[in-house]
Amino acid sequence: MHIYKQLFRAFGPQHWWPAKTPEEVMFGAILAQNTSWKNVEQAILALKEAGLLSFRRIMSVATEELARLIRPARFMNLKAKALQNFATYFYQRYRCSITRMRLQQTELLRHELLGLYRIGPETADSILLYALEKPVFVIDVYTKRIMSRHGYLSMAHSYEEFQSLFMQNLPADVHLYNEYHALLVRLGNQLCKPRPLCEACPLKDIQR
Ligand code: SF4
């Protein structure tokens, strides 16, 4: 909580996730793998303009057509397949209803998501937290780097070990998890880079 407070004091609220609807968050989480957010935004805009920012609708579109639209997000063929695979699951299990999906138990949802094509822990947890408002802490490479540099764990530790570090030391609070992850991304982007800018960092006085 001390780290969180320092970051919030320095950066303020981050207003995540940058999307208009929970469904858009899901699209963004799948498209965001291995690319920049700027590229994801272009792909989302193209889907919107084509009237295809909808899992129900992309089920009946040719995969090649979907891939063409999401080209800016890179790995277009793989991601088009991942989006359609998710769409089929979302329809078959929840009739494409966010409300129905939210009623499902978190552990079961996580298990289902991790069984889908190209959905790893970071993508699954981003969907759980930012689209479904489940109290699950999202870990990314910035978080691992920051916490390793401060000696809590090392980069060799697993996703689950980093996640436990946060979830065992914080209250299970969706708003807190939302803001905390966004703040860590901001810190990693801006200051805790491969060559860290510690002098300007709000965490510079936290033991390393
Ligand atoms: S920039 Fe330096 S002080 Fe800031 S989080 Fe990274 S290692 Fe810590």
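1. **Across the domain interface.** Between domain 1 and domain 2, the rule finds 1 salt bridge. The model is a predicted one. Domain 1 covers 2–14 + 137–200, and domain 2 covers 22–131. Their centres, taken over C-alpha atoms, are 25 Å apart. In terms of contacts, 12 residues of domain 1 meet 7 residues of domain 2.

2. **How much area is buried there.** The two domains bury about 720 Å² between them. Carbon and sulfur atoms account for 61% of that area. Which residues of domain 1 lose the most area to domain 2? They are V138, Y159 and N178. Together these three make up 52% of what the domain 1 side buries.

3. **The core.** The largest nonpolar core has 70 residues. M26, F55, F86, F90 and L113 touch the most other members. Helix α6 gives the most to this core, with 8 residues. Where does the core lie relative to the domains? Both domain 1 and domain 2 give residues to it, so the core lies between them. A general point helps here. In soluble globular proteins, nonpolar side chains tend to be buried together.

4. **M26 up close.** Take M26 as one example from that core. Residues up to four places away in sequence are not counted here. M26 then touches F55, F86, F90, I98, M101, I127, A131 and L132. Note that F55, F86 and F90 also appear among the core residues that touch the most other members.

5. **Helix α8 has a buried face.** Helix α8 runs over residues 106–114. Its buried residues are T106, L109, R110, E112 and L113. Seen down the helix axis, they fall within an arc of 160 degrees, so they line one face of α8. What sits on the face turned away from the buried side? That face carries the exposed residues E107 and H111. The buried residues pack against four helices: α6 (76–94), α7 (98–103), α9 (121–131) and α11 (159–167). L113 deserves a second look: it is buried in α8, and it is one of the core residues that touch the most other members.

6. **Salt bridges overall.** How many salt bridges does a search of the whole structure find? It finds 6. Side chains of opposite charge can pair when their charged atoms come close. The next points take some of these pairs in turn.

7. **E24 and K48.** These side chains meet in a salt bridge, 3.5 Å from N to O. The pair links distant parts of the chain. E24 is in helix α2 (residues 22–31), K48 is in helix α3 (residues 37–49), and they are 24 residues apart. Are the two partners buried or exposed? E24 has 8% relative accessibility, so it counts as buried. K48 has 37%, so it counts as partly exposed.

8. **R68 and E65.** This pair is local. Both residues lie in helix α5 (residues 63–69), 3 residues apart, about one turn of the helix. The closest N and O atoms are 3.0 Å apart. R68 is partly exposed at 47% relative accessibility. E65 is partly exposed too, at 31%.

9. **E133 and R102.** Here the closest N and O atoms are 3.9 Å apart. This salt bridge links distant parts of the chain, 31 residues apart. E133 is in the loop between α9 and α10 (141–149), while R102 is in helix α7. R102 has a relative accessible area of 29%, which makes it partly exposed.

10. **A small network.** Salt bridges that share partners join R110, D125 and E160 into one network. Within it, R110 pairs with E160, the closest N and O atoms being 3.9 Å apart. R110 is also one of the buried residues of α8.

11. **Two partly exposed residues.** Y91 lies in helix α6. Its relative accessible area is 29%, so it is partly exposed. Y91 and F55 are 36 residues apart in sequence, but 8.0 Å apart in space, C-alpha to C-alpha. Leaving aside neighbours within four places in sequence, Y91 is in contact with R56, M59 and C96. R100 lies in helix α7. With a relative accessible area of 48%, R100 is partly exposed. On the basis that neighbours within four places are left aside, R100 is in contact with Y94 and R95.

Terms used:
Residues are numbered from 1 along each chain as its sequence is written. This is a predicted model: local features need pLDDT of at least 70, side-chain atom pairs count only at pLDDT 80 or more; totals for chains, interfaces and linings use all residues. Side-chain values use heavy atoms; hydrogens and water are left out. Buried means under 20% relative accessible area, exposed over 50%, partly exposed in between (1.4 Å probe, protein chains only). Helices (H or I, at least four residues) and strands (E, at least two) are DSSP runs, numbered from the N terminus. The arc is that of the directions from the helix axis to the C-beta atoms. Contact means heavy atoms within 4.5 Å. A nonpolar core is a set of buried Ala, Val, Leu, Ile, Met, Phe, Trp, Tyr and Cys residues joined through side-chain atoms within 4.5 Å. Domain bounds come from an automatic or database domain assignment. Buried area is the accessible area (1.4 Å probe) that two parts lose on being put together, summed over both. A salt bridge is a side-chain nitrogen of Lys or Arg within 4 Å of a carboxyl oxygen of Asp or Glu.
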